[in-house]
Amino acid sequence: MSFLSDVYAGLFYFAAFVLVAGLANKIIQYARTPAPLKIPTTPAPTTKLGVTLRMTREVVFFESLFRGSKWTWIFGWMFHFGLFLVTLRHLRYFLDPVPLLIEMIQPFGIYGGMAMVVGLAGLWARRFLVDRVRYITALSDHLILALLISIGVSGLLMRFVVHTDIMRVKQFFQGLYVGQVQILPADPLLLLHLLLVALLMIIFPYSKLLHAPGLFFSPSRNQVDNPREQRHIAPWAKRLEQD
Amino acid sequence: MAKADFQVPVLKQYPEIPEIEPGVMAHSSPFKSKPQFQADLGFPGELVDDWQTKAIDKMGDLLGRYRSLRVYLDSCVKCGSCTDKCHYYLGTHDPKNMPVGRQDLLRKVYRRHFTIAGRLFPKLVGAEDLTEEVLGDWYSYFHQCSQCRRCSVFCPYGIDTAEISMAAREIMDHIGVGQKYCNEIIAKVYKIGNNLGLPGPALVDTLEGLEEDVFDDTGVEVKYPVDKEGADILLVTPSADFFAEPHVDGLIGYGKVFHEAGVSWTLSSHASEAANFGMFIGSYENMRRVALRIREAAIKLKVKRIVFGECGHAWRVAYSFLNTLAGPWDFLDPRYPVPQHICEFTYALIQEGKLNLDKSRNDDMVLTYHDSCNVARASRMGDRPGGQFDIPRAIIRATCNNFYDMDEETIRDRTFCCGGGGGLLTDDLMEIRVKGAQPRVEALNNVMQEKGVTHMAAICAICKSQFTKVLPYYGMDLDQIVSVHQLVSNALVLTGEETDDEDEVADEAA
């Protein structure tokens, strides 16, 4: 099966490149674009520390979403926190030796996987059941949910139903670090799981998944409320003053 | 009840989230600006040739200048959190009035022209070319947004539809599709100095009239000066304060407060307008040009401080943008924030016990308070976050015995816009104004039923004008809306004032 392994090796090199380069490109673009006016949604923190806390609450607890829609918050937070645990659990396939913390987190990663799938199912159900959400849903919104839920389900199936040779999977990825293509087990479920993950990495910088870096650059959330104390002026606005 | 040629929403006891009714507000769009007003603002007079290309170019220009626009157009995940938050959606049921529905009108064109996914797979990601039909939707629905920012409170990424609406209006202005109401008003500010086109001599007349009224009322000579060089304070207030009701009662109140504080102050005929409609049309250049008039007036009149009167969007531009647009203010007295809100000024005097307030003079009213959207979600008062909610309420409590808040879901940073903000306060948009007022009027109605509230105080010229016009459609009285400084004016016992109370006390003693 070395042909398949070659294909997957190439796919993951490509996917990793697209993810990193695409995201870096976007982050640089966001960082370089000036925010000419102070527009925090008030009441807003008046210090940098306050802004850090506000941002932390948004990133960790989805504070604004909690205020906006309880159902979306429950499912959305389940999915994201589940995905976070799953990601931690998966680090054991990519790190050698495996850190103690990652070893300890293993069982929680499995619960995370279940929470992730349930959360995604709830979010998807909303797209059919709530007329307002149905109206704003594009085909791509369904496809991204299908992609994520397939990744979750295929992963859980490998854990509980059709096991794969996980040590050889780990060797495959360890090999990629040093440019060697090891043989990947030719289990259909594993190949599907990895294909979908690679696809997710590739579409990340070109889809609504940009909300992840976007949040950190959102002026209504990351600005300090101090416009009277400190003059805030963008370079292009400064040039107007020289005319 | 005012007559309407459309269905006025029915007020409910409990708010309901309506089912969507696509397209029901597609017919609502404001009159277009005449070529002469477009020219005054530096925009083409009518739809330019090659408008699609020019619009896309302008969008690219704005994407490079506004991080908000770029990030907000990229980040939306269509979670639906905002869908039931806009008062225009709640009042009209049109899904293009859901914040995300409105944003998507611009986002689909952005995706088509500025993203790989939209270029390659337009159908898949909902990307569309800028057609005449899309432009029609833009003109219609971006003039059904009051830029109140309620959606941004509930968005997990803080996406602010106001930023999108401003960008869309800016793009449309640059291809010659401007809105009459806003652009005509900005042109008036350039020519005359204020939104209402009230020239200097008329202003002087009006203010002399006010001085006489206050003297007749109180026996105290309270001055309302204009263009007085060397005054300490420059008061910049919305021009509606000069004659509209209940605005003018607020202006009378500011003058009485300044009088009692013993400070010298002045209005300016050059900067006789606090509102800055440049913000509504998303034009940094026009907003800056309007704001610079205040700087010019401050320099000419050699004032030491700047205080703003009651006006919502004006206070946003003043508090959040004035330092950026027309600063630095290093020639003013550094002991005071620039600018200050009249409520901050009055509140400080109340704290110091310098105002003799007789609350019973407002006993004929049971008050509630409407947090104006741009004060609530785009500015601050005082030195703590949330001062914009607490300070006006503290003033009302210090001047009135009877005060009840409306439902928590509809006040503070969750307040509903009056329905007339953001450049919509024009008769050609009456239907959207009336329907958009529904969530606020519903909350008002409930507190009227439950607490016996009779009046609603506000600190925004647009809110006051809007409610005066719109409340009658709901079977309420136009005079149920009052200025916060009208309450101050009523309760304030001026030094040396002849009061009926003293006579009564004298009678009782005798």
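Domain bounds here come from an automatic or database domain assignment. On that basis, chain B of this predicted model splits into two parts: domain 1 runs over 44-177, and domain 2 takes in 186-491. Measuring from centre to centre of their C-alpha atoms, domain 1 of chain B and domain 2 of chain B sit 31 Å apart. The two do touch, with 19 residues coming from domain 1 of chain B and 24 residues from domain 2 of chain B. On the domain 1 side of that contact in chain B, helix H4 (87-92), helix H9 (150-154) and helix H10 (161-174) each put in at least two residues. By character, this side of domain 1 of chain B is made up of seven nonpolar, seven polar and five charged residues.

Then there is the contact between the chains, to which chain A brings 56 residues and chain B 60 residues. Quite a list of helices gives two or more residues to the chain A side: helix H3 (63-68), helix H4 (70-90), helix H6 (131-136), helix H7 (139-160), helix H10 (211-217), helix H11 (219-222) and helix H12 (235-242) of chain A. H6(A) gives the most, with five residues. The chain A side that touches chain B breaks down into 27 nonpolar, 17 polar and 12 charged residues.

As for annotation, an unreviewed UniProt entry marks residues 77-212 of chain A as "domain: NarG-like". In the model, that span of chain A is 75% helix and 0% strand, and its end C-alpha atoms lie 14 Å apart.

Note on methods: Residues numbered from 1 in each chain as written. Chains lettered and ligands numbered in written order. Predicted model: local features only at pLDDT ≥ 70, side-chain atom pairs only at ≥ 80, totals over all residues. UniProt positions renumbered as here; feature names shortened; annotations may be inferred. Helix = DSSP H or I, 4+ residues; strand = E, 2+ residues; numbered from the N terminus. Contact = placed C-beta atoms within 7 Å. Nonpolar A, V, L, I, M, F, W, Y, C, P; charged D, E, K, R; others polar.
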